[in-house]
Amino acid sequence: MRSEVPYAELHCLTHFTFLRGASHPHELVGQAVELGYEALAITDECSVAGVVRAHVAAKGQQLKLIIGAELHLTCGLKLVALATDRRGYGRLCRLITRGRRAAAKGGYSLTRADLEENGLEHCLILWLPQDPSSEEARLEEARWLDERFSDKLWIAVELLRGGTDREHLQALQRIGRERQLPLVASGDVHMHVRARRRLQDAVTAIRHNVPIWEAGSKLYPNGERYLRERARLAKLYPRELLEETVAIARRCTFSLEELRYEYPHELVPPGETPTSHLRKLTEAGARWRWPQGVPDGERAAIEHELALIADLRYEPYFLTVHDIVAFARSKKILCQGRGSAANSRVCYCLGVTSVDPLRGASLLFERFISRERNEPPDIDIDFEHERREEVIQYVYEKYGRERAAIAATVIMYRPRSALRDLGKVFGLDPEECARLTKVIQWWDGGEVMRERLREAGFDPDGPMLARLLPLAHELVAFPGFPRHLSQHVGGFVISEGALEELVPIENATMKGRTVVQWDKDDLNDLGLLKVDLLALGMLTALRKSFDLVNAFRGTQHALGGLPAEAPEVYEMISRADTIGVFQIESRAQMAMLPRLQPRCYYDLVIEIAIVRPGPIQGDMVHPYLKRRQSGEPMSYPSTEVGAVLKRTLGVPIFQEQVMQLAIAAAGFTPGEADALRRAMGAWKRSGGIEHFREKLIGGMKSRGYADEFAERLYQQMLGFGEYGFPESHSASFALLAYDSAWLKCHEPAAFTAALLNSQPMGFYAPAQLVRDARTHGAEVRPVDVCMSVWDCTLERREDGHPALRLGLRLVKSLSQSGADRLIEARLHQPFASVQDLAARAALDRGDLEALAAAGAFAALSGNRHLAFWEVAGTERPLPLEAALVDTHEAALEPTPLLRTPTEGERIVADYASVGLTLGRHPLALLRASLQSKRLLSARDLDGVAHGTPVRTAGIVLMRQRPGTASGVTFLTLEDETGQVNIIVWERIGDEYRRALVESRLLEVHGELQRQEGVTHVVAHRLFDRSPLLGQLITRSRDFH
Amino acid sequence: MARDLSRLLEHPAIWRGRSAARTRTLSTGFPALDEGLPGGGWPHTGLIEILPSCFGVGELSLLLPALAAMTRRPEARWCAWVAPPLQPFAPALAECGVAPERILVVNARRKDAKGKSALWAFEQMLRSGACDIALAWLRNALPRQIRRLHLAAEQGATLGVLFRPRETARESSPAALRIAVEPAAPGVRVTLLKSRGGARSAIELPAR
Amino acid sequence: MRHRRALELPLEDSAAAPAPRQAPASRSGDLLHPIVGRADAATIAPAELWLAVHLASPSPPAQQNLERLGARAQRLTPRVSLDPPDSLLLEIKGSLHLFGGVAGLSREMAGECSRLQMPCMLAVAPTPLAALALARAGRKLGVSPSRTADSAAVLTITDLAQLVGKLSPLPLAALRWPQDTLNRLARIGVRTIGEALRLPRAGFARRFGTVQLQTLDRLIGRVSDLKDRFEVRPRFRRRRELIYELESHAALLAVLTPLLAQLGEFLQARQCGVLTLECRLRHRGIPPTRCVLRLAAPLADAVQLATLLGERLNALVLPQPVRACELRSGPLVSRILASGELWQPGEHGGGAAAQAPELIERLRARLGPEAVYGLRVIEDHRPEAAWQVREPVMTLPAAARGSQNDPWPFGHRPPWLLPVPRQLNERDGLPRRRGALRLLGEAERIETGWWDGHEIARDYYTAVDARGARLWVFRERELPHRWFLHGVFG
């Protein structure tokens, strides 16, 4: 067996050569190991996006991993470049960056000049000769390459049973002799096993956007492009060509392990070291945070943290974060850090977070930056969503594009995209594709339901689907098949040296953005460091709230500076009166609030983390509530366990606690605990948690814990899965939840105005926000061209209280520039008429119609019909002529007798333009007919006893189908008296699927259930009553 | 003026009559064969016969370069295949440079006694003037029929190529050119059985 | 005259939405129709009376069917206009007395529609547009389309004085204005014809266009409405009864020749040709024999048609002697228009090529249409799927593929393909045909086609048999690894 020819595959694509390669890097690595290859080169086309995964897979295997890339020059020349060492790798990354930056997203463009300029030093070149028909072109390529890369150039011979392998080999041997070039075997590998053939064909057709039967010569004639057995290769290739592969492989010594990351240095002023500078900043911050002097315990903790940071040399990271936060603060952009390292004393002092260590959350710093694990600290910073771009541009400017870029997100095939793309491959027309993808709407699971397929007019057993569905499964099966690279929401990589020598940078879709070819996990796996700059709508809303309140009342409210722990705020929260409040406004949260009855900050931290799929599936909610209500003292199996679980009454709720338990009770090292956390995230799809089970349960038993305790803990961990929520994030979120609740409680008009001014964000549409504000006594005034500015504002009422004036921003399809001109013109002089307004603000027809549709001309022209008549009659003057237009003539025109719009028409028009109505709720108009059908209103339901069969109807505000709630759909219906919560079990949902998914006005027959202050209707039958609404536009927000 | 006239006369659609001293020809694509043929190539009009020792020895390949050249002309007419014994395989023909767009296949009825309809169709093709070249595979053709075909071909300014079994070499034929083809490893041997002005000799055409 | 079936419209002025009170003259300007709402005692007989036929099927009928209906309607009145896609207009004032008034004439029209199985809505009014609007709005007025002559309900306005009042409640959509215009009118609360008529003329024109203003003027007869008269596009159809029963093909052709000559004249006169020609041969007691000629290009020449038909008849087996024959043309096609499709000028040599379509027709007539075809290359690695038959229409060749300058043009693929691979005997794992085959060269592996149920997995070889013929053979990759012959290098 050992006499077999040794072989190294030097030309192998992964599926990171998008829609060309058909195997995962780890599959290729695994197969190469299996076949006894000596080395495997990952040579994706102008990309290294798959190398980290291959690197991780090859760790500890008897296989050398080589990194390279396949490159197609614009002139037609094709080659593979392999990095021999760190410098070669850097050159290659630089060349890839060059090609990628020169083309639109997803493409690249490289010329011979690029190659010459780069030189590809410390790389080996395999020439892939093309087009056998033109000998001259080949010779010319060989000559050109030979002149530049002679001593590191090979002719790659790829024999793929095309029928002319022998001729091909002979032709290349001739060229080799002529130019004194060595030949080497390679396989043009696209897949790890032949069985991937169909998928490779299918993705090829997707890439070319043709049905598979038209793909023709774009497909490969056979399935030879896989990792072939060495015995097979020995039959095809001369032995020396195979031996040459190994010789080449031995010259490539580069490993990703060698990548060193260096932090940017410029944040340290001259004369300081990073350590001294961080200490200085921290101490200054401590004086700011604790003006009365730093408490002793905190002082010690700060010293400890600083020592740890210094030890791991993470100062530049903290300095980087501090610098970004300081910039935001200087621009008055609200921001807040979260994540393990963010909730540290150091970050509190640096102003990265406002989580006050004394305010209840235990800080977990050391458990996340540990000496043992070589893992960078984790800080996410949230910024106001409307202003995050300023921060991003600051980073680009400060470090330059060659040193800062955003991490990639690998977009994987989801069931929907897989079906859509494959549908096209199998020749479905767009309408059929839409029907097919609709089949899986709401059903995100792996199996596409046969019933649904039949319902949609497809034969699940027909030959087309019999071929399509297995491919779809292959595309979506864990860990997913990548489709393209996109940009991460905000993960920035910043380096000391040129980033492009570390990882190639390419263009993102968004103009002015560049992304690296690795995603978050890749960066993590290599120990590279990133800062997450995220956008958060609530920060925008909070800043706007503070601005409005401070301007109206002359106060100085600021983030984290509101009166703490106000009981009336917690009372409001406990009533589940939380529409608009950060994080606790969802349906599920609202259901939990009356049961949990939060009374302090830490209760909010728990509330935010407990209503998550993890704790719910791990069955932690009920035990926690029970213990909270009974108030009996807990006993813990050991003091270590007690220390971990005490703050959550013995029930693990946070992700950190699971890891701490593994350390405290089962003797895991922190590194093992972290590996456990990752395995938990993926176990459902890929398994791989079993070996932790033995270690966990074994570890606990050996430490004297009861079998039953160990087993339960293990089950809870499984339940956590990937959905466990970190306490460090929850603690930061709870601050924002409290601040927003305080504002809602004390300043409903300002808070609502700010929310409206920050749309789109949150769970609720403007209609619900405004309705809620009005039920809390806020006066809301309509959009008016004589009063409104762009944003919603506060007007002072006679009694001194604020009234909310809706802003022009709510007017659908009104341009902001038009609105600006309008406001400008109004400052000069109030408008006399629509003509006057149109002329002086130089508004175009579109803007005028938008305003008329919104009813914003009421003060000038009366009802909408009249407004539209007037608008339709305005000639659009050129801006310069505006002043010259004789509005006189138009004013002489007779006003026709137009019908006054009915109430129904008004409501329809309100919804259509502004998205909300200040008039009656649309259902109020339908009440009589609903009553005649014996349908109860939300208020009627309040008086109905638990267990009563009921019928109700309402506008569908929201549909939620949590991935973990075993097929249950939660609906919220709204009528003029309030909201009704509906629960639709899977069976009913399937039966009445169309009504469930498509209704705007839904009639529900079911049973009323009331538990612990939460009322809902369990649906038995559903009917779509949308036609009753006429053209009323309501949009439900659907969440999956 | 004179040049214009000569150019006009070169037009393949113009029949210049048998009396023309020099028949215009088309290179076969095989220099050795061109040398042996009268006029240095295939005639432009009239009927020729190709008699392979066995179907599939390379008789069709003899014509392929000429077919490629003929069908690629912008003013090309049809290239007709009458009663072909198997399916002409378009991709292979295209690979050899023949334009598939110019190929017209005419299948005659199989059960038709004595190949009557094939003969009729072939004559129609030759006479119509719609074809540059018409190939036909006929087992039975009487000398008078062949004469008729030849006249039709001249009338239509078309080159007719009749493939017949080698045995028929014994029969007399009014065709202008008769060629026997047999395998000769690694190529074919072409024997000119009858040619006006050409030598009766064997020409070896080697494979690559 | 009492209109028994005609339905008086249930439209009263009071039915129109909020009564439009006349604005003070100084403010009102020139309204589109200021007299709306004023009850007018006098009856005014209109100069014209129009019957609108609205075909109420869910999808609009084919133009062809509309034309058929138009042709039939011409028996009721010479003034017929088509209003595609789905309506027909008849000026009937002059014909009323011939068909028993509005009711009788409408019944006739409804009868024509029902014979063509087209449900219709009928309306009569003094202006064409008013009649159309009424017919189109009929369903909204609670009248369902009639399917038979007797069930025909007709919405009728015969009094000019009542015209505006009765049109008023109709939705503006009945005028088929652009949706955008209708939307803009809806935004000022104007949805019916009456509401639109109450708007000031100048203001209306400025906002919604003079075209729309003219429509309204034509609607209420303020200006006259000229309609293009419809003319029937004919087809040729002649029949000839025979005195003797004929069996001979030649005699048949002789009988048909004068008919063909007539057809030729018919076509020449109209500058048209035919693409299909049907010849029906009637027998005693059994269904006629049909012989259909389908042409690649429109033809008008009687002699050419006779030749083609002759070829076709020759191939025909007559079940019985023929007693009568009939010639029916398909739709007439302009020869100038259609001729371009086949022969691009300058694409072929000499005048000879002009005969090519005729040649192909002649061959097809005798050998059957499927016997004459062109070839197309399909991009597919599977040999059997790599080509297709196509219509023998000359098109410009694609750029040359492959290498033309190869000294010996044995490509990798043979110029001959077997329609179905033929299994070969084998001995010692090698294929045989007329003795053992010698395999040349190496295998070409083709394995593809999984997507359409014709997946193949084969290793192809070139082989030479004992007589020197070069064959294209393959061995299945799957068990039992059989050998097949698939092509011949000729």
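## A serine, a chain and two cores

The backbone oxygen of Ala995(A) sits 2.5 Å from a polar side-chain atom of Ser999(A). That is a good place to start touring this predicted model. Ser999(A) belongs to the loop of chain A that links α46 (993-998) to β21 (1001-1011). Is Ser999(A) buried or exposed? Its relative accessibility is 2%, so Ser999(A) counts as buried.

The two polar partners of Ser999(A) described here can be set side by side:

| Partner of the Ser999(A) side chain | Part of the partner | Distance |
|---|---|---|
| Ala995(A) | backbone oxygen | 2.5 Å |
| Asp1024(A) | side chain | 3.3 Å |

Beyond its neighbours within four places in sequence, Ser999(A) is in contact with Val956(A), Arg959(A), Arg994(A), Phe1023(A), Asp1024(A) and Ser1026(A).

Let's turn to the nonpolar cores. In soluble globular proteins, nonpolar side chains tend to be buried together. Here the largest nonpolar core holds 150 residues, and the members touching the most others are Leu822(A), Phe857(A), Leu167(C) and Leu219(C). Helix α33 (residues 727-746) of chain A is its biggest contributor, giving 10 residues. Leaving out residues up to four places away in sequence, Leu219(C) touches eight residues that include Leu129(C), Leu163(C), Leu167(C) and Ile193(C). A second, separate core has 73 residues, among them Leu35(A), Cys46(A), Val48(A) and Ala405(A).

Finally, a look at chain B, which has 6 helices and 11 strands. Of its 208 residues, 61% count as buried. Chain B exposes about 8500 Å², with 54% supplied by carbon and sulfur atoms. Among chain B contacts between residues at least 6 apart in sequence, 65% join residues at least 24 apart.

Technical notes: Residues numbered from 1 in each chain as written. Chains lettered and ligands numbered in written order. Predicted model: local features only at pLDDT ≥ 70, side-chain atom pairs only at ≥ 80, totals over all residues. Heavy atoms only, no water. Helix = DSSP H or I, 4+ residues; strand = E, 2+ residues; numbered from the N terminus. Buried < 20%, exposed > 50% of the residue type's maximum accessible area, 1.4 Å probe, protein only. Polar contact = N/O pair within 3.5 Å; in protein donor to acceptor, adjacent residues only side chain to side chain. Contact = heavy atoms within 4.5 Å. Areas by Shrake-Rupley, 256 points an atom, 1.4 Å probe, with all protein chains shown as cover. Core = buried A, V, L, I, M, F, W, Y, C linked by side-chain atoms within 4.5 Å.
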